[in-house]
Structure formats: structure tokens, C-alpha cells
Amino acid sequence: MAPILQLAGVSKNFGGIRALQDVDFELRRGEVHCLAGENGCGKSTLIKIITGVHTPEPGAEILFAGEPVESLTPALARQRGIQVIWQDLALFPEMSVAENIAFEMNLGPKPRWVSYSTMREKARQTMARLGFDLDPDQPVHDLSIAQRQIVAICRALAADAKIVFMDEPTASLTQAETQALFAVVRKLTNEGITVVFVSHRLAEIMDISDRVTVLRDGKLVGVFDTVDLTPHRLTELM
């Protein structure tokens, strides 16, 4: 299967401290790919390079669907369908479910009229793709953590996500909620969306991922098919 995203020779320095050193990274369409490593190994820096927040050192190569990309900004990354759901979800708690899900459709260089009926319909359609039916007018601060996570995933879908990074998505979930999230992840990949799962929980990595990229001290340890790994071996690699 042809990669949807490829990075080669990615390095990043911060004030003389090397966060990444000559890292290669590849994603395939419709896979669950786990990004694994201890805190400080470079996972967040790699994600921020892919999303245009950080610029890699000269010499790095980035390709989307085989097309070279000279430079990335957050706006260009979103245009290419890259979305990140950080651990804090980055939702607007005082705003409604619909306003959060349809947030990006109201962004632009110039002010515009907001259609609340259009936002509600967009929210309903997006939630229906995942089999959920939250009240689109309900404030997000009234929702459980698991429900807020669904809103964040729907926001990514409403923005036409092709690659979704999930940063420690199960950290505040119960076991039942975690399994429900895994079911949502599998629905996304069945639609051809690539999910990058960042987690320290080895059992979850083994359960949900197709492949695992392991980083250690800013360097690539390797890329492994999950079926060829055991939790013990993964611990050694990390």
C-alpha cells in the first residue's frame, strides 16, 4: 500500500538541544499506527513538525501521497487533512456541541455570517457517521470526558480529516470507554482515515495498532508490525 505520508531525515534542535535526529516516519492510508516511546523521546516534536507548528532542520524531506512538500504551516497541514486531538482535547467548553464540531467551517480571512442551523446539521451528520446522537445545542462543559472526546473526533471529521493524531486518548477513560473509543477508531480506519495513536499503555498499543514506530532519545529505534511484537519486546525497544 502506497504511503499517505512520508518523512525522511527529520531533525530538530531547540537552543542546541537535539529533540529529533535523522528520523524517518511513514503512514499508510487506513492504518492505526502507534507512536511509542518514553516522555521526552521526541513524539510531540515529530507531531508538531507534521502539523506545521515546528520547522525541521534543513535536509528533511516530507511527502504527502508521494508529492514533495517544501514547507508546512498549520493551515496547510489542515488543508491536507491532518488533525491532532491533544490530550486536553482543546475544545471550547462554553460553546455547544455543534459549535465545536463545526468550528473550522467558520474560519477564514474575513468575517462572515454564522448559520447555526447549518452547524447543527453538520454536527448531526458527522456524529451519525460514528453512530452517536448527542444534543447539538448542549454545552460541552456538561459532557463526560468520553463524550467530549467524541466531539473532538467529530470536529476532526467535519474538517475532512485524512490523518488523525490522538495524544494519550485513553488517559482519563474507563476500560469500557476505552473499548468504545477503539470501536470508533476502527470505524475511522474502515473509512480510509489513518489514525496515529500515542499511548504509554502497552496492552492498548498491542490491541489497537497495526504498526508501531518507536522513538528513543530523539532517534528512530525502528518500525514494527504489531503482530511481531510482545509487550516485553516493546518495553525493551522503548
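This briefing covers two helices, two pockets and a handful of single residues.

The model is predicted. Helix H6 spans residues 175-190 and keeps its buried residues on one face. Helix H5 is mostly covered, with 10 of its 14 residues buried. The largest pocket holds about 430 Å³ of space, and the second largest about 260 Å³.

**Helix H6**

- H6 has 16 residues, which at 1.5 Å a residue should span 22 Å; the end C-alpha atoms are 23 Å apart, so the two values agree.
- Its buried residues are Thr178, Leu181, Phe182, Val184, Val185, Leu188 and Thr189.
- Viewed down the helix axis, these buried residues of H6 fall within an arc of 160°, so they line one face.
- An α-helix has 3.6 residues a turn, so residues three or four places apart point the same way.
- Ala176 and Asn190 are exposed, on the face of H6 turned away from the buried side.
- The buried residues of H6 pack against three strands, E3 (32-36), E7 (163-167) and E8 (194-198).
- They also pack against helices H4 (116-130), H5 (145-158) and H7 (202-208).
- Glycine 192, just after H6, has a positive phi of about 90°.

**Helix H5**

- H5 reaches 20 Å from its first C-alpha to its last, close to the 20 Å expected for its 14 residues at 1.5 Å a residue.
- The buried residues of H5 are Gln149, Ile150, Val151, Ala152, Ile153, Cys154, Arg155, Ala156, Leu157 and Ala158.
- Packing partners of these buried residues are E6, helix H3 (97-101), H4, E7 and H6.
- Aspartate 160 follows just after H5 and takes a positive phi of about 65°.

**Threonine 126, in contact with Cys154, Leu157 and Ala158**

- Threonine 126 sits in helix H4.
- Its relative accessible area is 4%, so threonine 126 is buried; the cut-off for buried is under 20%.
- Beyond four places in sequence, threonine 126 touches Ile101, Cys154, Leu157 and Ala158.
- Cys154, Leu157 and Ala158 are among the buried residues of H5.

**Pockets**

- Rolling a probe the size of a water molecule over the atoms shows where empty space is left.
- The largest pocket, with about 430 Å³ of space, is lined by 19 residues.
- Closest to the centre of the largest pocket are Arg78, Gln83, Val84, Glu104 and Arg155.
- Helix H2 (74-79), strand E6 (82-85) and H5 each give two or more residues to this lining.
- E6 gives the most, with four residues.
- By type, the lining of the largest pocket divides into 14 nonpolar, two polar and three charged residues.
- The second largest pocket has a volume of about 260 Å³, and 15 residues line it.
- Pro56, Ala60, Val69, Glu70 and Ser71 are the closest to the centre of the second largest pocket.
- The lining of the second largest pocket has eight nonpolar, four polar and three charged residues.

**Leucine 5**

- Leucine 5 lies in strand E1 (residues 3-14).
- Leucine 5 counts as buried because its relative accessibility is 0%.
- Leaving aside neighbours within four places in sequence, leucine 5 is in contact with Phe25, Glu26, Leu27, Ile50, Ile62, Leu63, Phe64 and Ile163.
- Leucine 5 and proline 68 are 63 residues apart along the chain, and their C-alpha atoms are separated by 9.9 Å.

**Histidine 54**

- Histidine 54 is in the loop between helix H1 (43-50) and strand E4 (61-64).
- Beyond four places in sequence, histidine 54 touches Lys12, Phe14, Thr45, Lys48 and Ile49.
- Phenylalanine 132 is 78 residues from histidine 54 in sequence, and the two C-alpha atoms are 35 Å apart in space.

**Positive phi outside glycine**

- Most residues other than glycine have a negative phi.
- Aspartate 22 has a positive phi of about 55° although it is not a glycine.
- Aspartate 22 is in strand E2 (residues 17-28), and its 52% relative accessibility makes it exposed.
- Alanine 65, also not a glycine, has a positive phi of about 50°.
- Alanine 65 lies in the loop between E4 and strand E5 (67-68); at 57% relative accessibility, alanine 65 counts as exposed.

Note on methods. Residues are numbered from 1 along each chain as its sequence is written. This is a predicted model: local features need pLDDT of at least 70, side-chain atom pairs count only at pLDDT 80 or more; totals for chains, interfaces and linings use all residues. Side-chain values use heavy atoms; hydrogens and water are left out. The expected span of a helix is 1.5 Å times one less than its number of residues. Buried means under 20% relative accessible area, exposed over 50%, partly exposed in between (1.4 Å probe, protein chains only). The arc is that of the directions from the helix axis to the C-beta atoms. Contact means heavy atoms within 4.5 Å. On a 1 Å grid over the protein atoms alone, a cavity is a set of points where a 1.4 Å probe fits but cannot get out, and a pocket is an open set with protein on both sides within 12 Å along at least five of seven lines; lining residues have an atom within 4 Å of a point. Grid points are joined across faces, edges and corners, and a volume is the space filled by probe spheres set on the points. Ala, Val, Leu, Ile, Met, Phe, Trp, Tyr, Cys and Pro count as nonpolar, Asp, Glu, Lys and Arg as charged, and the others, Gly among them, as polar.
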